[in-house]
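Student: I should be grateful for a close look at one part of this structure. Could the explanation begin with a single residue and then move outward to other places in the chain?

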Amino acid sequence: MIVFSLRRSGSRTPRYASLFLLLALLMTLGSGLAWSVVGQYRLTGFSGVSWHINVGVVLVPVFVWHTIYQTKGFPLSFWADRRSFLRLTGVAAAGLAAWQLAEIASRLGRTNAPNRRFTGSYEADSFSGNDFPRTSWLNDKPERVDLDRIADRWRLKISGAVNREISLSHADLDGAATTTATLDCTGGWYSTKVWTGTPVADLLKLSGWSESAASV
């Protein structure tokens, strides 16, 4: 459809949209393919899977507008046409075949790619204690709390839409609850850890929360 619209479109806007869609589509497919076959990589501070997701999200609204613009006036019979159905089926089959070929290529290439999780994330230091997990928000680097230096002064305060404001020391939070859980980040990594501490639900029970509470 993109190539067809480049040929038939008399206005520059649809042509620019078609070119943008083509470039974005190639970038989305290329970044995803590289992440799946080659392994982990970063580009300008973002992981390859982040580029794959974000470019794909940007592509969607332009694709919807482009499709509506290029197919306006088409009769309903066009969508139920046998040739259109076979064309769509062929594209789907080709996509499935390309996916399987990429999986085979990653295994034959002996890269780290086959070790990724079903979500596409790669394992990162599971069961490594406090060496992990990393903490990040849009690539920032928060400082680690040095409890050896400030444990006697550090407090956790629970206030706001609660029935009773409380202030707890680090020793108060040294709970015995333990659970094993996997964190899977959209940045392309996952890590399985044994977590020990005090559940947030227990803290909320201590303070109680009002009906107006909306977030923590």
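Tutor: The following account begins with one threonine and then turns to a serine, the aromatic rings and the nonpolar core.

The model is a predicted one, and every value below is computed from it. The starting point is T192, which is placed in strand β7, a strand covering residues 189–197. Is T192 buried or exposed? Its relative accessible area is 14%, and because buried means under 20%, T192 is counted as buried. The side chain of T192 is joined to the side chain of T182 by a polar contact of 2.8 Å. When residues up to four places away in sequence are left out, T192 touches S126, F127, T180, A181 and T182. T182 therefore appears both in the polar contact and in the list of residues that T192 touches.

A second polar residue may be read in the manner just shown. S50 belongs to helix α3, which runs over residues 48–71. With a relative accessible area of 15%, S50 is buried. Its side chain makes a polar contact of 2.9 Å with the side chain of S47. Apart from neighbours within four places in sequence, S50 is in contact with T186 and G187.

The aromatic rings come next. Three aromatic pairs are found in a search of the whole structure. In one of them, the ring centres of W35 and Y122 are 5.2 Å apart and the planes meet at 65°, so this pair is edge-to-face; the cut-off for that class is over 60 degrees. The pair links distant parts of the chain, as W35 is in helix α2 (residues 12–37) and Y122 is in strand β3 (residues 122–123), 87 residues apart. Both W35 and Y122 are buried. Together with Y41, these two residues form one aromatic cluster. Another ring, that of Y190, has R117 lying over its face, at 5.6 Å from the ring centre.

The nonpolar core remains. In soluble globular proteins, nonpolar side chains tend to be buried together. Here the largest nonpolar core has six residues: I158, V162, I166, L168, L173 and L203. One of these, L173, touches W154, L156, L168, G197, T198 and L203, if residues up to four places away in sequence are not counted.

A last residue to consider is I150, found in helix α6 (residues 147–150). I150 counts as buried because its relative accessibility is 17%. From I150 to H170 the separation is 20 residues in sequence and 9.8 Å in space, C-alpha to C-alpha.

Terms used: Residues numbered from 1 in each chain as written. Predicted model: local features only at pLDDT ≥ 70, side-chain atom pairs only at ≥ 80, totals over all residues. Heavy atoms only, no water. Helix = DSSP H or I, 4+ residues; strand = E, 2+ residues; numbered from the N terminus. Buried < 20%, exposed > 50% of the residue type's maximum accessible area, 1.4 Å probe, protein only. Polar contact = N/O pair within 3.5 Å; in protein donor to acceptor, adjacent residues only side chain to side chain. Contact = heavy atoms within 4.5 Å. Core = buried A, V, L, I, M, F, W, Y, C linked by side-chain atoms within 4.5 Å. Phe/Tyr/Trp six-rings, centres within 6.5 Å; stacked < 30°, edge-to-face > 60°. Lys NZ or Arg CZ within 6 Å of the ring centre and 35° of its normal.
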